[in-house]
Amino acid sequence: MRTKKDINLIKELLLKHFNKPETELNFANLYELLVAVMLSAQCTDKRVNLLTPALFENYPNVEALSKAKLGSVKLLIKSCSFYNNKATNLIKMAKSVMENFEGEIPLERDKLMTLAGVGQKTANVVLIEFAQANLMAVDTHVFRVSHRLGLSKAKTPELTEVDLVKAFKTELNYLHQAMVLFGRYTCKAVKPQCDKCFLYELCKSKDKVIIK
C-alpha cells in the first residue's frame, strides 16, 4: 500500500485534473439513471447512450416498464451485452419498485440492492451520481487504476472498494468518476497512455511504459 503522503497526492491530483466529474451516461431522472447503470454492466456507456432513447420513449417511467413485454424490451436493447438477462432484470426491477416501494425508486443502498439486477456497484453508482453520496464504486477501470497505483492489492472489486474508502475517506463520489475516466482514456488496459499521464511519477505498475 502507498504512504499517506502518496495517497493524499494521488487524491489531490485526481480531483484537480477532473474537477467534479460526472458520469458519461445520459439520463434525465432517477429512473433513467438506474436503467442506464443497469445496462452499462460489461457494456460501454457509448453503447448504452445509443439505445436508451428508444427504450425511454417506449417506457418513459418505472410504471410503464413494469408492464412491458419481455420480447419488446429485448428487441430495444439487443445491441447491449447480456441483453436477455438485462431485459428480464429491468422488468423485474420495475415490478418490484411498483409493488414494494409505491412506484418510487428508493435512494437507500440496502433497498436498492433488493431490486433485480442491482448489486452493490450499481447501487453505489446510482447514489453517487444522483445523490452525490460519499461512496466508492469499483468497475473494471477503477479496479485496474487502483491496483496499478498501488492503492489496493485486493482480489475482488468489493474488497478493493474497502481499500479505497479507507485510503481516500472523503469526496469518494468525485474520485470514483475521476478514476473511471482516467482508466477509460489514459490508464487503459491495453497500451496505457503513460506519456500523457499526470500520475506518471507516482506510478509503480509493471505495466508502466518508461518514457525516456
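Let's start at cysteine 187, which sits in the segment that follows helix H11. Keep in mind along the way that this is a predicted model.

Cys187 has company. An unreviewed UniProt entry carries the annotation "binding site" for Cys187, Cys194, Cys197 and Cys203. These four positions are spread over 17 residues of sequence, yet they cluster in space, with a largest C-alpha distance of 10.5 Å. Cys187, Cys194, Cys197 and Cys203 also belong to the lining of the largest cavity.

What does that cavity look like? The count of cavities of 30 Å³ or more comes to 1, and the largest cavity holds about 130 Å³ of space. Its lining is made up of 14 residues, and those nearest the centre are Cys187, Pro192, Cys194, Cys197 and Cys203. Sorted by class, the lining of this cavity has 8 nonpolar, 3 polar and 3 charged residues. If you click through these residues in the viewer, remember that cysteine is counted as nonpolar in this sorting.

Now step back along the chain to residues 39-185, which the unreviewed UniProt entry annotates as "domain: HhH-GPD". Over this stretch the chain is 66% helix and 0% strand. The C-alpha atoms at the two ends of residues 39-185 are 21 Å apart.

From here we can turn to the open spaces, beginning with the largest pocket, whose volume is about 780 Å³. It is lined by 34 residues, and Ser40, Ala41, Gln42, Lys121 and Asp139 lie nearest its centre. Helices H2 (30-40), H3 (45-58), H6 (83-100), H8 (120-131), H9 (140-148) and H11 (172-185) each give two or more residues to this lining. Which element gives the largest share? That is H11, with 5 residues. So the helix we met just before Cys187 turns up again here.

The lining of the largest pocket also brings two domains together: at least three of its residues come from domain 1 (4-21 + 136-202), and at least three from domain 2 (30-131). By class, the residues of this lining divide into 12 nonpolar, 15 polar and 7 charged.

The second largest pocket contains about 160 Å³ of space. Around it you will find Lys20, Pro21, Glu22, Thr23, Phe27, Ile128, Glu129, Gln132, Asn173 and Tyr174. H8 and H11 each contribute at least two residues to the lining of this second pocket; both helices also give two or more residues to the lining of the largest pocket. The classes in the second lining are 4 nonpolar, 3 polar and 3 charged.

Let's finish with the aromatic rings. There are 3 aromatic pairs in the model, and Phe18, Phe182 and Phe198 form one aromatic cluster. Elsewhere in the sequence, lysine 208 lies over the face of tyrosine 200, at 4.0 Å from the ring centre.

How values were computed
Residues numbered from 1 in each chain as written. Predicted model: local features only at pLDDT ≥ 70, side-chain atom pairs only at ≥ 80, totals over all residues. Heavy atoms only, no water. Phe/Tyr/Trp six-rings, centres within 6.5 Å; stacked < 30°, edge-to-face > 60°. Lys NZ or Arg CZ within 6 Å of the ring centre and 35° of its normal. 1 Å grid on protein atoms, 1.4 Å probe; cavity = no way out; pocket = protein on both sides within 12 Å on 5 of 7 lines; lining within 4 Å. Points joined across faces, edges and corners; volume = space filled by probe spheres on them. Helix = DSSP H or I, 4+ residues; strand = E, 2+ residues; numbered from the N terminus. Domains from an automatic or database assignment. UniProt positions renumbered as here; feature names shortened; annotations may be inferred.
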